[in-house]
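Hi,

Here is the structure I promised to pass on. Have a look first, and my notes follow below.

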Amino acid sequence: MARVKRAINAKKHRRAVLEQAEGYYGNRSRTFKAANEAVMHSLQYAYRDRRARKGDFRRLWIQRINAAARANGTSYSRLIAGLRRSEVDVDRKVLADLAVTDPDAFSRLVGVATAALTEEGGSDGARAAVGAEAGNPS
């Protein structure tokens with residue numbers, strides 16, 4: 001069987017790792033061992049943070065929706081509950097965009113949500129209002 005010489009592939013691998021580590025501080029961009037560790041860690045961070053970014057954006061959208069909802073006299077949770085009850089399927093990304101770019105459309109959605117909550121007698125808000133009238137807080 002022919003002898004297998006691995007120098008070409010090893011050198012190619014090391015060069016690729018060092019190219020990925022370009023711009024890193026000190027030995028992390030110069031020696032293969034340090035560069036390899038730095039590159040492996042950075043790839044793990046990138047993988048983790050691509051997933052974490054989705055949650056970060058969701059939190060941002062919720063904050064924007066809540067601020068706009070409170071400017072329209074309701075809370076985020078009441079708005080979402082009302083939109084669900086009125087069967088309006090608008091995701092948080094679109095709601096946040098509407099809150100920033102088109103406040104009139106957002107306030108109309110708030111109106112739809114509050115109407116859906118007030119017209120159904122079984123809502124939490126209606127029960128709380130009835131309990132407050134009777135003098136018994138719930």
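Let's start with helix H2, residues 32-71 (helices are DSSP runs of H or I, at least four residues, numbered from the N terminus): its 40 residues reach 56 Å from first C-alpha to last, close to the 58 Å expected at 1.5 Å a residue. That expected span is 1.5 Å times one less than the number of residues.

Before more detail: this is a predicted model, where local features need pLDDT of at least 70, side-chain atom pairs count only at pLDDT 80 or more, and totals for chains, interfaces and linings use all residues. Residues are numbered from 1 along each chain as its sequence is written, and side-chain values use heavy atoms, leaving out hydrogens and water.

After H2 comes Gly73, with a positive phi near 85 degrees.

Several H2 residues are buried, including Ala35, Val39 and Ile65 (buried is under 20% relative accessible area, exposed over 50%, partly exposed in between, with a 1.4 Å probe and protein chains only). Ala38, also in H2, is buried at 7%. Leaving aside residues up to four places away in sequence, Ala38 touches Tyr24 and Arg28 (contact means heavy atoms within 4.5 Å).

What about charges over rings? Arg51 lies over the face of Tyr47, 3.9 Å from the ring centre, and the charged end of Arg14 sits over the ring of Phe32, 5.8 Å from its centre. To count, NZ of Lys or CZ of Arg must be within 6 Å of the ring centre and within 35 degrees of the ring normal.

Cheers

Terms used. Helices (H or I, at least four residues) and strands (E, at least two) are DSSP runs, numbered from the N terminus.
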